Amino acid sequence: MERQYDIIVIGAGHAGCEAGLAASRMGFSTCLFTMNIDTIAQMSCNPAIGGLAKGHLVREIDSLGGEMAKVTDRAGIQFRVLNKSKGPAVWSLRAQTDRLLYRLSMRKVLEAEKNLDIKQASIERIVVEDGRVKGVLTSLGVFYKAGAVIVTTGTFLKGLIHIGLENFQAGRAGEYPSIGLSDSLKEIGLKMGRLKTGTPPRLDAKTIDFSKTQPQWGDEPPTPFSYSTEGITNPQLPCYITYTNKETHRIILGNLDRSPLYSGRIKGIGPRYCPSIEDKVVRFSGRERHQVFLEPEGLETMEYYANGISTSLPYDVQMRLVRSIPGLEDAEIMRPGYAIEYDFVYPAQLKHSLEAKLIDGLFLAGQINGTSGYEEAAAQGLMAGINAALKLQGRRPLILGRHEAYTGVLIDDLVTKGTNEPYRMFTSRAEYRLLLRHDNADLRLMEKGYNIGLVNETGYSKFNDKRVLIAGELERLKKIRLKPGQINAALAAINCSIIEEDTSLEQLLKRPELTYDFIKRFSPPGMPLTEDIERQVEIQIKYEGYITRQMEMAERLKRIEAKRIPDSLDYTSISGLSNEILSKLNAIRPSNFGQASRIPGVTPAALSLLMIAIERQKNRI
């Protein structure tokens with residue numbers, strides 16, 4: 001045995017980094033194992049963080065005390081708030097990042113953490129005794145003892161890369177896969193499956209004719225991800241838009257026999273919502289073109305990521321399809337696109353804490369749980385790190401409800417419904433989108449982050465000041481009333497109906513056509529407010545009725561969730577349950593009625609039988 005740690009994290013991708021930081025910051029000796037220290041926090045796919053719903057996750061990570069948002073702000077080279085033409089429930093922040101700067105920035109944070117060690121080693125085995133994790137064994141035969149182990153292996157478990165009809169073992173391009181660890185997880189009883197994802201070619205900017213593309217700049221000024229970031233200091237770069245065409249599609253369709261996707265070489269299930277260009281051309285045969293988004297990989301490189309043409313076609317076909325696209329007629333491929341298959345663990349085998357039901361002290365987070373995306377991985381890694389630490393402290397796990405966070409929706413979906421394809425977060429997955437806005441993540445979660453010890457005193461004090469200012473301004477707008485003579489001329493000037501009697505600023509702001517900027521001209525606050533606070537005040541007033549209704553719905557959900565299902569309940573003893581429902585209840589073993597109701601196929605009638613059985617059990621006791 002080399003030494004003992006409180007918590008061991010296997011894998012230093014986005015999930016592993018957040019898990020290691022959370023565990024160590026909560027006071028536990030932690031070791032982060034990676035197969036290559038030089039690729040810590042590697043952005044294996046596109047050089048971007050956030051996007052629709054994913055941006056919400058990053059803000060939640062920040063509010064709970066995680067690191068992804070801060071590192072993104074330090075590495076960001078373009079920031080855009082998406083969906084600004086729609087309501088605030090679906091606004092999402094997205095940032096292009098400098099891939100190298102992101103990786104180095106995260107590594108610097110990790111290396112500076114006093115309770116965190118980083119070691120380069122390949123973990124071959126999880127050591128388990130009597131259903132309890134004891135530590136890990138490296139490929140060199142070194143044993144490290146631990147109170148909890150968090151597995152965050154990404155695409156490395158028996159990773160197999162496909163380019164055309166050729167394939168080779170790799171965790172990602174240029175890196176070795178993990179073989180023994182996958183076998184070890186199966187040996188301890190975890191059911192595993194096979195998934196697939198892929199990347200597009202990377203192109204040399206010197207060979208791209210940008211004059212034939214459409215530039216897309218970010219917002220000015222850029223909006224940071226982290227609530228603690230004062231401003232973005234990096235130079236900001238544009239992305240460029242171009243499109244495939246009939247010739248591109250002809251090349252692809254004419255070479256499907258050389259595609260591992262269509263020749264049967266790939267067995268894993270790919271992402272439904274981020275398909276390869278082969279899939280898009282076949283499935284959407286009526287479309288004459290598909291968007292290609294050319295994204296810079298960083299400030300100090302000529303490499304561009306061709307988002308939209310993810311492919312595993314042979315290299316010669318990739319060259320032809322790329323050069324059929326406007327602006328890319330002379331483009332040189334710096335790295336070819338590829339598909340990768342990898343093992344994952346069916347996530348219904350986990351508790352909401354992300355601890356394995358079978359093995360005490362073993363936690364899983366990230367793509368190993370069937371998700372896709374950096375943000376989904378980081379959110380799980382943070383929660384796994386928090387809950388591993390809470391377990392060693394003898395405290396209850398931190399379980400976020402579906403009404404509290406997208407992170408709660410993500411984890412509940414995984415452990416309740418499971419997945420057999422790469423899971424991606426969307427705003428449509430959340431029932432309470434108006435409560436779970438990206439702008440109010442701190443108001444929802446920072447108190448929790450502070451209570452578990454991840455949000456420091458400085459950050460929490462700043463947050464409390466913000467809460468006080470919001471509450472004070474909301475109260476002021478209710479009390480201050482304007483006379484018709486004070487505002488009617490301004491209302492008429494913008495074709496807005498005038499008022500007939502004294503009206504509060506709050507009532508005026510409820511009008512769709514009026515903004516906070518307009519209102520404060522007639523009665524400014526006692527002290528200047530930040531744009532963030534002003535936006536929060538405006539949203540809370542304009543959407544008050546909708547927000548109240550969703551909060552009432554969330555309260556009803558909480559009452560359902562509060563009805564616990566005993567761990568000892570014998571489902572086979574409940575008369576009237578179908579074999580299908582019985583099988584699902586036994587497999588998932590829901591902790592409460594809310595979770596049971598979300599299991600696909602579990603009917604209201606089955607829930608009634610479940611309720612009766614629990615009452616009978618209570619009466620017998």
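Let me begin with a definition: two strands are said to pair if DSSP finds at least two bridges between them, and strands (E, at least two residues) and helices (H or I, at least four residues) are DSSP runs, numbered from the N terminus. What we have here is a predicted model, in which local features need pLDDT of at least 70, side-chain atom pairs count only at pLDDT 80 or more, and totals for chains, interfaces and linings use all residues. Residues are numbered from 1 along each chain as its sequence is written, and side-chain values use heavy atoms, with hydrogens and water left out.

With that in hand, let us turn to a hairpin. Strand β10 (residues 160-163) and strand β11 (residues 166-169) pair in the antiparallel sense, and four bridges hold this pairing. One of the bridge partners is easy to look up, for Ile 163 is matched in β11 by Glu 166. Two residues lie between β10 and β11 in this hairpin, and Gly 164, in the turn, has a positive phi of about 65°.

Next come the sheets. As a reminder, strands of a sheet pair through backbone hydrogen bonds, either parallel or antiparallel. In one open sheet, three strands follow the order β3-β5-β4 with antiparallel pairing. Which strands stand at its edges? They are β3 (48-50) and β4 (76-82), and each has a single partner strand, so one side of each is left without a neighbour in the sheet. From one strand to the next the twist averages 20°, where axes are lines fitted to C-alpha atoms, for helices over the stretch in contact, and angles run from 0 to 180 degrees between N-to-C directions. Strand β5 (residues 92-97) runs antiparallel to β4, and six bridges join the two; Val 81, for instance, has Leu 93 of β5 as its bridge partner.

Another open sheet has six strands, in the order β14-β15-β16-β17-β13-β18, and here too the pairing is antiparallel. Its edge strands, β14 (214-216) and β18 (333-335), each pair on one side only, and the twist averages 35° from one strand to the next. Two bridges join strand β13 (residues 202-204) to β18, with Ile 333 in β18 as the bridge partner of Leu 203.

Let me now move to burial, where buried means under 20% relative accessible area, exposed means over 50%, and partly exposed lies in between (1.4 Å probe, protein chains only). Helix α3 (residues 68-75) is mostly covered, since six of its eight residues are buried, and these are Met 68, Ala 69, Val 71, Thr 72, Asp 73 and Ala 75. Glu 447, which is found in helix α11, is by contrast partly exposed, with a relative accessible area of 29%. The C-alpha atom of Glu 447 is separated by 8.0 Å from that of Leu 64, although the two are 383 residues apart along the chain.

How many disulfides does the structure hold? The count is zero, where a disulfide is a pair of cysteine sulfur atoms within 2.5 Å. For Cys 31 the closest cysteine sulfur, in Cys 17, is 13 Å away, which is too far for a bond, and Cys 31 is buried at a relative accessible area of 0%. Cys 239 is also buried, at 0% relative accessibility, and its sulfur is 14 Å from the closest cysteine sulfur, in Cys 45, again too far for a bond.

Finally, there is the empty space. On a 1 Å grid over the protein atoms alone, a cavity is a set of points where a 1.4 Å probe fits but cannot get out, whereas a pocket is an open set with protein on both sides within 12 Å along at least five of seven lines, and lining residues have an atom within 4 Å of a point. Grid points are joined across faces, edges and corners, and a volume is the space filled by probe spheres set on the points. The second largest pocket has a volume of about 1400 Å³, and of the 50 residues that line this pocket, the closest to its centre are Arg 59, Ser 226, Tyr 227, Lys 466 and Asp 532. By this rule there are two cavities of 30 Å³ or more. The largest cavity has a volume of about 50 Å³, and helix α10 (residues 406-417) gives the most to its lining, with four residues.
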